Amino acid sequence: QVQLVESGGELVQPGGSLRLSCAASGRIRVINAMGWYRQAPGKERELVASITLGGITNYGDSVKGRFTISRDNAKNMLYLQMNSLKPEDTAVYYCNAEVVIYFAPFPNNYWGHGTQVTVSS
C-alpha cells in the first residue's frame, strides 16, 4: 500500500559528500515522522536522523553537524545531505516513514529496502 524507495548511495572517499533521497508512493493521506536509519555489518540498526511533519529534526550523536535531513511534503520526498563522510559512516541506509493511508484509522510504519553507502579510499 505504501512503497519507500531510497537512492543515492554509492562509493565515496573520506571527506566527501553524498545526498540520499527517499520517494514515498501509494495510498498516502499524510506522512507523519520520517527518518533515516543505518545498519553496518555486525551492528544494530541505528537512527541517523528524523524529521516531523512540521520540520522538527533530531540527529544521532555521531552525525550531528555533518548530516542534514529535509523533506518535501508536497512530493512525499525525504532527503539526507551527508558531508564530511567518514569510513565509519559505511552502512546500508534505510528510509522509514509513519504513514496514514486513505480509509485507515491509524498510521503504520514503513521501511524501504535500503541503499548502500561506502566510504573508503
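Is E46 exposed, partly exposed or buried, and what is its relative accessible area?

## Accessibility of E46

In this predicted model, E46 has a relative accessible area of 35%. That value makes E46 partly exposed, because the class lies between the cut-offs of under 20% for buried and over 50% for exposed.

E46 forms a salt bridge with R38, and the closest N and O atoms of this pair are 2.6 Å apart. The partner R38 is buried, at a relative accessible area of 6%.

## R38 and D89

R38 also forms a salt bridge with D89, with 2.9 Å between the closest N and O atoms. This pair joins distant parts of the chain, its two residues being 51 residues apart. R38 lies in strand β4 (residues 28–39), while D89 sits in the loop between β8 (77–82) and β9 (91–101). Both ends of the bridge, R38 and D89, are buried.

## Network

The salt bridges of R38 do not stand in isolation: R38, E46, R66 and D89 are linked in a network of salt bridges. Within this network, R38 bridges to E46 and to D89.

## D61 and K64

A further salt bridge connects the side chains of D61 and K64, at an N to O distance of 3.1 Å. D61 has a relative accessible area of 64% and is therefore exposed, the cut-off being over 50%.

## Count

How many salt bridges does the model contain? The count comes to four, and among them are R38 with E46, R38 with D89 and D61 with K64.

Note on methods. Residues are numbered from 1 along each chain as its sequence is written. This is a predicted model: local features need pLDDT of at least 70, side-chain atom pairs count only at pLDDT 80 or more; totals for chains, interfaces and linings use all residues. Side-chain values use heavy atoms; hydrogens and water are left out. Buried means under 20% relative accessible area, exposed over 50%, partly exposed in between (1.4 Å probe, protein chains only). Helices (H or I, at least four residues) and strands (E, at least two) are DSSP runs, numbered from the N terminus.
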